[in-house]
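Colleague: Before I use this model, I should like to examine several of its residues with you, one at a time. Please reason each answer through to the value or name requested.

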Amino acid sequence: MFNIAFVCHGNICRSPMAEYIFKEMIKVQELEDKVYVASSATSYEEIGNPVYPPAKRMLLQNGISCDDKRAVHFESSDYEKFDIIAVMDDNNIRNLLKIISDDKDHKVYKLMDFTNEKGDIEDPWYTGNFEKVYEQIKRGCEGLMQYLRRKGI
């Protein structure tokens with residue numbers, strides 16, 4: 001099983017959007033028995049809360065449900081559980097490194113590293129532009145899927 005974690009600040013917008021978009025891709029590709037996907041937060045602010053309503057609406061508009069998702073924190077012990085830890089921006093990397101101390105196995109990437117675009121996925125909590133963020137995340141997830149395919153998964 002190949003394990004992927006998507007991580008953002010609160011685990012109520014970007015990382016759950018990435019988790020559920022990627023889960024849908026895995027379902028379509030019939031890879032559910034080969035790839036495990038989760039998402040989590042670098043902060044404790046939103047732990048236990050559901051996906052932020054505008055993010056949930058954006059997923060639903062694209063035929064994706066996230067009803068069962070509640071925000072969870074990325075723990076230092078989680079580092080060993082995942083093969084790829086895809087974060088949304090540089091701040092997430094900085095905060096994640098405070099939790100894990102060191103990316104000794106080079107598992108931490110920005111999601112956009114799997115595209116030709118590179119850079120950060122903006123935080124829709126501040127911009128309000130959930131449609132743009134959905135499209136960025138979708139492109140990142142498509143690139144990640146291509147990466148997995150190249151690895152023979």
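Colleague: Is Asn95 buried or exposed?

Modeller: This is a predicted model, in which local features need pLDDT of at least 70, side-chain atom pairs count only at pLDDT 80 or more, and totals for chains, interfaces and linings use all residues. Asn95 is found in helix α3, helices (H or I, at least four residues) and strands (E, at least two) being DSSP runs numbered from the N terminus. The classes are buried (under 20% relative accessible area), exposed (over 50%) and partly exposed in between, with a 1.4 Å probe and protein chains only. Because its relative accessible area is 15%, Asn95 is buried.

Colleague: Which residues are in contact with Asn95, leaving aside its neighbours within four places in sequence?

Modeller: Residues are numbered from 1 along each chain as its sequence is written, and side-chain values use heavy atoms, without hydrogens and water. Contact means heavy atoms within 4.5 Å. With neighbours within four places set aside, the partners of Asn95 are His9 and Thr42.

Colleague: His9 interests me further. Which residue has a side-chain polar atom 2.9 Å from the backbone oxygen of His9?

Modeller: The residue in question is found in the loop between β2 (35-41) and α2 (53-61). At 9% relative accessibility, this residue counts as buried. Its side chain also reaches the backbone nitrogen of Glu45 at 3.5 Å. The polar atom that lies 2.9 Å from the backbone oxygen of His9 belongs to the side chain of Ser43.

Colleague: Which residues does Ser43 touch, not counting those up to four places away in sequence?

Modeller: Glu45, whose backbone nitrogen the side chain of Ser43 reaches, is not part of this list. With residues up to four places away excluded, Ser43 touches His9, Gly10 and His73.

Colleague: How many aromatic pairs are there?

Modeller: Rings of Phe, Tyr and Trp (its six-membered ring) pair if their centres lie within 6.5 Å; planes under 30 degrees apart count as stacked, over 60 as edge-to-face and the rest as tilted. By this rule, the number of aromatic pairs is seven.

Colleague: What is the angle between the planes of Tyr52 and Trp125?

Modeller: Tyr52 and Trp125 form an aromatic pair with a centre-to-centre distance of 4.7 Å. Tyr52 lies in the loop between β2 and α2 and Trp125 in helix α4 (residues 124-127), so the pair ties together parts that are 73 residues apart in sequence. Tyr52 counts as partly exposed at 27% relative accessibility, and Trp125 counts as partly exposed at 41%. The pair is tilted, and the angle between its planes is 50°.

Colleague: Which residues form one aromatic cluster with Tyr36?

Modeller: Tyr36 belongs to one aromatic cluster. Its partners in that cluster are Phe74 and Phe82.

Colleague: What is the C-alpha to C-alpha distance between Met58 and Phe130?

Modeller: Met58 lies in helix α2 and, at 10% relative accessibility, counts as buried. Not counting residues up to four places away in sequence, Met58 touches Met17, Phe130, Glu131 and Tyr134. Although Met58 and Phe130 are 72 residues apart in sequence, their C-alpha atoms are separated by 6.8 Å.

Colleague: What is the relative accessible area of Phe22?

Modeller: The place of Phe22 is in helix α1. Not counting residues up to four places away in sequence, Phe22 touches Ile4, Phe6, Val35, Val37, Cys141, Leu144, Met145 and Leu148. Of these, Met145 is 123 residues from Phe22 in sequence and 8.2 Å away, C-alpha to C-alpha. Phe22 is buried, and its relative accessible area is 0%.

Colleague: What is the phi of Glu30, approximately?

Modeller: Glu30 is in the loop between α1 (14-28) and β2, and at 64% relative accessibility it counts as exposed. Glu30 is not a glycine, yet its phi is positive, at about 55°.

Colleague: What value is the phi of His106 near?

Modeller: His106 is found in the loop between α3 (90-100) and β4 (108-110). At 59% relative accessibility, His106 counts as exposed. The phi of His106 is positive in a residue other than glycine, with a value near 55°.

Colleague: What distance separates the C-alpha atoms of Gln146 and Thr115?

Modeller: Gln146 is placed in helix α5 (residues 130-150). At 47% relative accessibility, Gln146 counts as partly exposed. Gln146 and Thr115 are 31 residues apart along the chain, and their C-alpha atoms are separated by 9.6 Å.

Terms used:
A polar contact is a pair of N or O atoms within 3.5 Å; within protein, one must be able to donate a hydrogen and the other to accept it, and residues adjacent in sequence count only if both atoms are side-chain atoms.
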